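Me: I'd like to go through this one by asking where each label comes from. Can you set the values against the cut-offs for me?

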Amino acid sequence: MMLTCPICTAALSAVDNGVVCPAGHRFDRARQGYLNLLPVQHKNSRDPGDNQAMVEARRDFLNAGHYAPVAKRLAELAAERAPARWLDIGCGEGYYTAQIAAALPDADGYALDISREAIKRACRRDPKITWLIASMARVPLPDDSCQFLASVFSPLDWHEARRLLSPGGGLMRVGPTSEHLMELRERLYDEVREYVDDKHLMQVPADMHLQHSETLRFTLSLVDAQARANLLAMTPHGWRASAERRANVIEQPEPFEVTVSMRYDYFVLQ
Ligand SMILES: C[S@@+](CC[C@H](N)C(=O)[O-])C[C@H]1O[C@@H](n2cnc3c(N)ncnc32)[C@H](O)[C@@H]1O
Ligand SMILES: [Zn+2]
């Protein structure tokens with residue numbers, strides 16, 4: 001087994017209903033198959049990460065296929081890199097993770113999220129992936145163990161990501177550009193805050209370099225109210241904007257046309 005103890009970093013081995021390290025730190029395997037490698041002392045709150053409502057809204061929106069081109073491109077980019085072992089950091093309910101796995105049938109796949117609600121649902125998508133409740137600040141995998149990391153719409157601990165990569169391996173970061181959901185933001189706020197979409201470039205460790213960058217852009221036509229409600233609920237706009245403006249977007253009679261615009265940045269460890 002490849003996993004390491006989140007408390008002392010020693011190797012974990014499988015035992016009945018879970019895993020244990022030589023120092024006796026024990027972690028359970030849930031009935032659904034995932035491992036909980038988040039010790040209480042590493043939790044900042046009782047239920048860290050995205051809550052059930054956000055996870056379910058995102059799952060329903062993504063399962064309806066609205067962002068299918070985003071996942072398809074990510075899976076292609078992963079397949080081109082042909083890693084032996086890969087990890088999706090902040091995988092949420094696993095929509096993108098499962099498509100990466102399908103594109104890399106022979107690779108050893110891992111996915112983690114700090115949210116139990118997310119991992120509980122994600123692990124149903126593909127039993128071959130090792131699904132973990134864990135913190136991206138203390139990833140329970142050894143140094144130099146991964147050739148490909150994915151970070152999709154998630155916060156990221158760059159130094160931890162760097163530690164996990166083997167030389168020549170890389171991190172694919174997918175995030176919104178400043179145009180993403182512009183029409184929605186214009187409807188929700190009097191002033192649309194200018195969003196800088198390359199701030200993350202400042203945080204990249206010195207020995208990692210940007211090898212590839214591309215943007216994927218398309219228009220989405222959200223015909224049903226449920227899809228618009230889910231989109232709001234899965235983004236910070238769901239609670240930041242006023243209730244009246246949100247209702248206005250959800251209940252409008254015409255389809256809602258919105259720009260989806262994502263950037264893919266691939267950073268390689270030298
Ligand atoms: C916007 S969601 C993106 C989920 C998924 N990648 C997707 O695009 O569908 C961000 C995710 O990061 C997770 N997250 C936040 N802080 C985290 C941490 N410290 N460690 C691991 N996951 C974290 C949240 O629980 C949430 O599922
Ligand atoms: Zn231990």
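Me: What makes a residue count as surrounding ligand 1, and how many are there?
Reply: A residue is near a molecule if one of its heavy atoms lies within 4 Å of it. On that basis 19 residues surround ligand 1, and the closest are Asp50, Gly90, Asp113, Met136 and Val152. This is a predicted model, where local features need pLDDT of at least 70 and side-chain atom pairs count only at pLDDT 80 or more, while totals for chains, interfaces and linings use all residues. Side-chain values use heavy atoms, with hydrogens and water left out, and residues are numbered from 1 along each chain as its sequence is written.

Me: Which elements each supply at least two residues of the shell around ligand 1?
Reply: α1 (52-63) and β6 (108-113) do. Helices (H or I, at least four residues) and strands (E, at least two) are DSSP runs, numbered from the N terminus.

Me: What is the make-up of the shell around ligand 1 by class?
Reply: Ten nonpolar, six polar and three charged residues. Ala, Val, Leu, Ile, Met, Phe, Trp, Tyr, Cys and Pro count as nonpolar, Asp, Glu, Lys and Arg as charged, and the others, Gly among them, as polar.

Me: Why does the backbone of Met136 count as a polar contact of ligand 1?
Reply: The cut-off for a pair of N or O atoms is 3.5 Å. A backbone N or O atom of Met136 lies 2.9 Å from a nitrogen atom of the ligand, so the pair qualifies. For Val152, a polar backbone atom is 2.8 Å from a ligand nitrogen. Taken alone, ligand 1 exposes 600 Å², and the protein buries 85% of that (Shrake-Rupley method, 1.4 Å probe).

Me: How do you know that β8 and β9 pair?
Reply: Two strands pair if DSSP finds at least two bridges between them. β8 (residues 146-152) and β9 (residues 165-176) have six, in the parallel sense, so they pass. Val152 has Val174 in β9 as its bridge partner.

Me: Why is the pair of Trp158 and Phe267 called edge-to-face?
Reply: Rings of Phe, Tyr and Trp (its six-membered ring) pair if their centres lie within 6.5 Å; planes under 30 degrees apart count as stacked, over 60 as edge-to-face and the rest as tilted. Four aromatic pairs turn up in the whole structure. Phe61 and Tyr67 make an edge-to-face one, at 5.2 Å centre to centre and 85° between the planes. Trp158 and Phe267 sit at 5.0 Å and 90°, so the name fits them. Trp158 lies in helix α5 (residues 158-164) and Phe267 in strand β11 (residues 256-269), so the pair ties together parts 109 residues apart in sequence.

Terms used
Chains are lettered from A and ligands numbered from 1 in the order in which they are written. A polar contact is a pair of N or O atoms within 3.5 Å; within protein, one must be able to donate a hydrogen and the other to accept it, and residues adjacent in sequence count only if both atoms are side-chain atoms.
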